[in-house]
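Colleague: Got a minute? I'd like to go through this model with you before I head back to the bench.

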Amino acid sequence: MISRAEYQRRHQEQAAAPLEADLGPRIGHHFFLALLTVLATLTLLITILINGTVLNESFAKQELTNSSLATSLQNMINQSVSQYGYSGTVVTTKQANQLIEQVVEEVYEDKTIQVDLSSIESSLTNQASEQLASTLGISVSLANNSVIAAIENQLSQQVNSQLNTSQLQEAASAIKTCKVITNLVLLVSLVVLALCLVTATFMRTVSFPITIGDAMAWVSLLFSGLLLLPQLWSGAITDDQTLAPLVSQVETDVVNKGWSLVVIPVAIFLLCLLVRVWRRFSRRA
């Protein structure tokens, strides 16, 4: 004779058995789908950040023109022309920034650097004419002077030869390769993430708000952790004291751009959380 307590215990075990058997694949599917979603989203955010910063031509122009590089370029050209008897400043900050933008364009397009110095050459000609006029007391035009033209040509060759360094050529090649790799990874992560979203939405073995919401929470935490790493490695990228301020500036702007991307997974997580709360209250009602 089975007691009532024993009967109830067996009945509870039998009722729980099919539930546990059904819960196993649900948990398994939920975990692996969430993990895949985390990896795909994290990779997607990283590639978007890289494409929007260090591999972006406009970003590079903005960083370099806002750095001390323009002053260095001005000093280099002014020293180059001083050997021909020119004194004072022949390159303005605006002209130096225009030269920097030309160099960036040619580096990102993997071309041999050949900057246009026509505006600077025009300034040199005008300055030489003014110096002669002040010395001789008469107006002299040197626009078509062969000696001035030879000096300008020599200056152009000298400046471009100093810009066409092996480091810049290696950087241009590296940028081109990184663009191809990054775009390929971006495409793959987009496809994987789309498949994860479709699976979480239409398959009954997983719950959309739970799977995607949990994944976005982890993405937010992991991506935020990656953005904090540059602070730990600050100054470790380069030992060159002349480049250190520029590198620090680029690191800061890349991290700031990354923080703006964190809004995406956080917003998705909050949306999924609202869906879960709404479903819970609708079931109780």
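Modeller: Sure, and keep in mind that this is a predicted model. I'll start with the second largest pocket, where α9 is the top contributor to the lining, with 7 residues.

Colleague: Which helices each supply at least two residues of that lining?

Modeller: Those are α8 and α9.

Colleague: And what volume does the second largest pocket have?

Modeller: Its volume comes out at about 270 Å³. There are 10 residues lining the second largest pocket, and those closest to its centre are Ile-210, Arg-276, Arg-279, Arg-280 and Arg-283.

Colleague: How does that lining divide into nonpolar, polar and charged?

Modeller: For the second largest pocket you get 5 nonpolar, 1 polar and 4 charged residues.

Colleague: OK, now the largest pocket. How much space lies in there?

Modeller: About 1700 Å³. The largest pocket has 45 lining residues, and Val-54, Leu-64, Leu-246, Val-247 and Val-250 are the ones nearest its centre.

Colleague: Which elements give two or more residues to that one?

Modeller: Quite a list: α1 (4-52), α2 (57-65), α3 (69-82), α4, α7, α8 (208-232) and α9 (244-284). The largest share of the lining of the largest pocket is from α9, at 8 residues.

Colleague: And the split by class for the largest pocket? What are the nonpolar, polar and charged numbers?

Modeller: Its lining has 36 nonpolar residues, 7 polar and 2 charged.

Colleague: Let's zoom out. How many helices and strands does the chain have?

Modeller: It has 9 helices and 0 strands, so reading along the sequence you just get α-α-α-α-α-α-α-α-α.

Colleague: What share of the residues is buried?

Modeller: Of the 285 residues in the protein chain, 31% are buried. As for contacts with a separation of 6 or more, 78% of them join residues 24 or more positions apart.

Colleague: Can you show me a contact like that? Which residues does Thr-47 touch, leaving out those up to four places away in sequence?

Modeller: Thr-47 touches Thr-182, Val-185 and Leu-186. Thr-47 is in helix α1. Take the pair Thr-47 and Leu-186: they're 139 residues apart in sequence, but their C-alpha atoms are 5.9 Å apart in space.

Colleague: Is Thr-47 buried or exposed?

Modeller: Buried, because its relative accessible area is 5% and the cut-off for buried is under 20%.

Colleague: You mentioned Thr-182. Where does that one lie?

Modeller: Thr-182 is part of helix α7. Thr-182 also counts as buried, at 9% relative accessibility. Leaving out residues up to four places away in sequence, Thr-182 is in contact with Thr-47, Ile-50, Asn-51 and Leu-55.

Colleague: What about Leu-190, is that buried, partly exposed or exposed?

Modeller: Leu-190 comes out as partly exposed, with 42% relative accessibility. Leu-190 lies in α7 too. The C-alpha atoms of Leu-190 and Thr-41 are 8.0 Å from each other, and the two residues are 149 residues apart along the chain.

Colleague: Sticking with α7, at what angle do the axes of α4 and α7 cross?

Modeller: They cross at roughly 55°, and the axes come within 8 Å. Here α4 covers residues 93-108 and α7 covers residues 166-202.

Colleague: Why call them oblique?

Modeller: An angle of roughly 55° is neither under 35 degrees, which would be roughly parallel, nor in the 65 to 115 range for roughly perpendicular, so α4 and α7 count as oblique to each other.

Colleague: Which residues meet there?

Modeller: From α4 you have Val-103, Val-107 and Tyr-108, and they meet Leu-168, Ala-172, Ile-175 and Lys-179 from α7. By class, the contact of α4 with α7 has 6 nonpolar, no polar and 1 charged residues.

Colleague: Changing topic: what's odd about the phi of Asp-110?

Modeller: Asp-110 has a positive phi, about 55°, and it isn't a glycine. You'll find Asp-110 in the loop between α4 and α5 (118-136). Asp-110 is partly exposed, at 35% relative accessible area.

Colleague: Last one, Gln-79. Buried or exposed?

Modeller: Exposed, with a relative accessible area of 59%. Gln-79 sits in helix α3. Gln-79 and Val-90 are 11 residues apart in sequence, with 10.0 Å between their C-alpha atoms.

Terms used:
Residues are numbered from 1 along each chain as its sequence is written. This is a predicted model: local features need pLDDT of at least 70, side-chain atom pairs count only at pLDDT 80 or more; totals for chains, interfaces and linings use all residues. Side-chain values use heavy atoms; hydrogens and water are left out. Axes are lines fitted to C-alpha atoms, for helices over the stretch in contact, and angles run from 0 to 180 degrees between N-to-C directions. Helices (H or I, at least four residues) and strands (E, at least two) are DSSP runs, numbered from the N terminus. Angles under 35 degrees count as roughly parallel, over 145 as roughly antiparallel, 65 to 115 as roughly perpendicular and the rest as oblique. Contact means heavy atoms within 4.5 Å. Ala, Val, Leu, Ile, Met, Phe, Trp, Tyr, Cys and Pro count as nonpolar, Asp, Glu, Lys and Arg as charged, and the others, Gly among them, as polar. On a 1 Å grid over the protein atoms alone, a cavity is a set of points where a 1.4 Å probe fits but cannot get out, and a pocket is an open set with protein on both sides within 12 Å along at least five of seven lines; lining residues have an atom within 4 Å of a point. Grid points are joined across faces, edges and corners, and a volume is the space filled by probe spheres set on the points. Buried means under 20% relative accessible area, exposed over 50%, partly exposed in between (1.4 Å probe, protein chains only).
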